[in-house]
Amino acid sequence: MTSQDSASKSQSTLPKTVVLVGLMGAGKTSVGRRLAEMFDSRFVDADKEIEQAAGCSIADFFDRFGEEEFRRGEERVIARLLRDPPCILATGGGAFMSGDTRREIKDHGLSVWLKADLDVLFERVARRSDRPLLLTENPRATLEAIMEQRYPVYAEADLTIDSYRGPIEQTVDRVHQKLLEYFTGAEGAVS
Ligand code: S3P
């Protein structure tokens, strides 16, 4: 059983949903899964939910319906997930670019930007070929262009954590620590 579908994790210690944002390769899914365990919470991956709702992969969705339709579906799915009990929610890299989604997250969750530099991101995304936006002649240049466009918007997230090269556990520990500080300081105790 994955943490995504674990019914036993409905009693999370999180006061509100933690929404991981950041570029492809930032580590949202890997960090999110581990964080969910630490908070005894569910882990939900918005991309997986979109795939489930659509009955096809993200790549196929882009092929069949295009990016605009994907973005509309992404907004709907994230708005729905934010109304569920608190969880750790990983979002696709483009999700936070939607003003509606940013407002939904402000109202119902806490956004955490996993910030990484281009070399680290590219090393990670180069291992996979299932990201439709990077199927270009020069995926590194594409990633850099997307990064320049998105980083000023990601900077609006409530918290920012650097995601460096090296063991993912170090990033997880930094996010965990920052969340504990945030929740105990700003939102009341986490049990
Ligand atoms: C996208 C990122 C992907 C996925 C889709 C579009 C983006 O998710 O949602 O391919 O616009 O950056 P990951 O960030 O999890 O790779």
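Visitor: What makes the space taken by the ligand a pocket?

Guide: The ligand takes up the largest pocket. On a 1 Å grid over the protein atoms alone, a pocket is an open set of points with protein on both sides within 12 Å along at least five of seven lines, whereas a cavity is a set where a 1.4 Å probe fits but cannot get out. A molecule sits in a pocket if more than half of its atoms lie within 2 Å of its grid points. The model is predicted: local features need pLDDT of at least 70, side-chain atom pairs count only at pLDDT 80 or more, and totals for chains, interfaces and linings use all residues. Residues are numbered from 1 along each chain as its sequence is written, and side-chain values use heavy atoms, with hydrogens and water left out.

Visitor: Which residues surrounding the ligand are the closest?

Guide: They are Lys28, Asp47, Arg71, Arg131 and Arg150, out of 13 residues that surround the ligand; a residue counts as near if one of its heavy atoms lies within 4 Å.

Visitor: Why is the approach of Asp47 to the ligand called a polar contact?

Guide: A polar side-chain atom of Asp47 lies 2.8 Å from a ligand oxygen, and a polar contact is a pair of N or O atoms within 3.5 Å, so the pair qualifies. For Arg131, the distance from a side-chain N or O atom to a ligand oxygen is 2.7 Å.

Visitor: Why is the pairing of Arg80 and Glu49 called a salt bridge?

Guide: The N to O distance is 3.7 Å; the term requires a side-chain nitrogen of Lys or Arg within 4 Å of a carboxyl oxygen of Asp or Glu, so the pair meets it.

Key
Polar contact = N/O pair within 3.5 Å; in protein donor to acceptor, adjacent residues only side chain to side chain. 1 Å grid on protein atoms, 1.4 Å probe; cavity = no way out; pocket = protein on both sides within 12 Å on 5 of 7 lines; lining within 4 Å.
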